[in-house]
Amino acid sequence: MPIVPEVPAHGGNQENDRGAARTGGPMFRDETPRPQPQQQQYGTPQHPQSYPQSYDAQPHPQSYDAQSYPQSYDAQPYPQSYDAQPHPRQPHDPQPGAYDPQPYQAARPRHHDTQQTPPAPGTAQQNPEPMPDAPQPAPAPQKRSAGRDLGAAIGVGLGLGVVIVASLFIVKAVFVGVIAVAVVVGLWELTKRLEERKGIRAPLVPLAVGGAAMVVAGYVRDAEGAWVAMALTALAVLVWRMTQSPEGYLKDVTAGVFAAFYVPFLATFVAMMLTADDGPFRVLTFLILTVVSDTGAYAVGWRFGKHKLAPRISPGKTREGLFGAVAFAMVAGALCTQFLIDDGAWWQGLVLGLAVAASATLGDLGESMIKRDLGIKDMGTLLPGHGGIMDRLDSLLPTAPVVWLLLVLFVGG
């Protein structure tokens, strides 16, 4: 039989009752006990042997003395609600002497610690909530995108290629007209963007007329005619701008002269290549090498590119892409000079391909620098999937004088 310490009955020394912990039940705050209803009470001095029955039908092996009683149920000390200090009694507090099992309830088990019971037969199984520490599936890797509509880009590129090749091999003068139209549209896009983004009003009329005349002069009078037309176009820009207010005159004419050199003058070298006996094949070689260089840079850079070439100018260009451009252009150059150019050799094509890859990359970076300064992505929207005309001429324009010069040195004019 468990030993229960003697506890003074109600009405005894109250001061001593406050200072000692009671073992017959939880401490309550009323100084004077209330009369109890006629029912069996547990944990009181009248029923000392029935107190363990409220917890276990078998006698507890340990004694319920004042020192060891808390340790028989919980290794932690009692919460502050069982201290000996009185405090106001709450309405939900049990009557004095009654047993309140709430403080002795065990902590609620966590969801992932409880054993899941199978559903009863005939009932629908509910989807259990996911465990907090269950491993989540890895997100699907995102596919790398080219950033443009490749279908539209390929379609527009093939269409332009058919027009260029047809005009190139049917009537040379028609191809000169194609060059002049491309120059005028490119000048319009460039001057429009300069005015929109920077407030620079480069005169378009003298630039368009002088640019078209520059291309024709290069085809008719070769390099001498191109230089003369360039000088006259710059003079026309200076005079045309004088008809307006002097504010911003210097920056406007400077931008005009730059536009005249950048677009029509460099395009004039394509017309000068056309004057040779094998001129159409020289122009075709120039176009093939430039396109192959851009394609090699894109394909290799998109697949293997990791090291940025010029992140402040063009974040999409990589060193691996540059190596791809050089390799593709050199192979294409060896084939083109061997089979398309009169008296050409394959080793000349290797040099030509290397030079084209370098000039095309620099031309692309140059226009990227201009577009970054203007805060735009494309120069225009005329060509779906490509942007504007200037977005296609960026690598062709600086490559034209390089190809013209090397072919003159290798096989003559």
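Tryptophan 227 is exposed, with 53% relative accessible area (exposed means over 50%, buried under 20%, partly exposed in between, with a 1.4 Å probe and protein chains only). The model is predicted: local features need pLDDT of at least 70, side-chain atom pairs count only at pLDDT 80 or more, and totals for chains, interfaces and linings use all residues. Residues are numbered from 1 along each chain as its sequence is written, and side-chain values use heavy atoms, with hydrogens and water left out.

**Exercise 1. Classify the ring pair of tryptophan 227 and phenylalanine 265.**

Step 1. Take the rule. Rings of Phe, Tyr and Trp (its six-membered ring) pair if their centres lie within 6.5 Å; planes under 30 degrees apart are stacked, over 60 edge-to-face, and the rest tilted. By this rule the count is seven aromatic pairs.

Step 2. Apply the rule. Tryptophan 227 and phenylalanine 265 are 4.5 Å apart, centre to centre, with 50° between the planes, and the pair is tilted.

Step 3. Place the rings. Tryptophan 227 sits in helix H5 (residues 204-241) and phenylalanine 265 in helix H6 (residues 249-273), so the pair ties together parts 38 residues apart in sequence. Helices here are DSSP runs (H or I, at least four residues) and strands are runs of E (at least two), numbered from the N terminus.

Step 4. Check burial. Phenylalanine 265 is buried, at 4% relative accessible area. Tryptophan 227 is exposed, at 53%.

Step 5. Widen the view. Ring pairs link Trp227, Phe261, Phe265, Phe269 and Trp404 into a cluster.

**Exercise 2. Describe the pair of phenylalanine 258 and tyrosine 262.**

Step 1. Locate both rings. They lie in helix H6, four residues apart, about one turn of the helix.

Step 2. Check accessibility. Phenylalanine 258 is partly exposed at 39%. Tyrosine 262 is buried at 11%.

**Exercise 3. Find the salt bridges and place three of them.**

Step 1. Start from the principle. Side chains of opposite charge can pair when their charged atoms come close. The cut-off for a salt bridge is a side-chain nitrogen of Lys or Arg within 4 Å of a carboxyl oxygen of Asp or Glu. The whole structure yields six salt bridges.

Step 2. Take arginine 193 and glutamate 196. Their closest N and O atoms are 3.1 Å apart. The two residues are three apart in helix H4 (residues 172-198), about one helical turn. Arginine 193 is buried at 14%.

Step 3. Take aspartate 252 and arginine 241. Their closest N and O atoms are 2.8 Å apart. The pair links distant parts of the chain, with aspartate 252 in helix H6 and arginine 241 in helix H5, eleven residues apart. Aspartate 252 is buried at 1%, and arginine 241 is buried at 1%.

Step 4. Take lysine 317 and aspartate 364. Their closest N and O atoms are 2.7 Å apart. Lysine 317 is in strand S2 (residues 314-318) and aspartate 364 in helix H9 (residues 346-374), 47 residues apart. Aspartate 364 is buried at 18%.

**Exercise 4. Name the charge that lies over the face of phenylalanine 304.**

Step 1. Use the cut-offs: NZ of Lys or CZ of Arg within 6 Å of the ring centre and within 35 degrees of the ring normal.

Step 2. Read off the result. Arginine 303 lies over the face of phenylalanine 304, at 5.1 Å from the ring centre.
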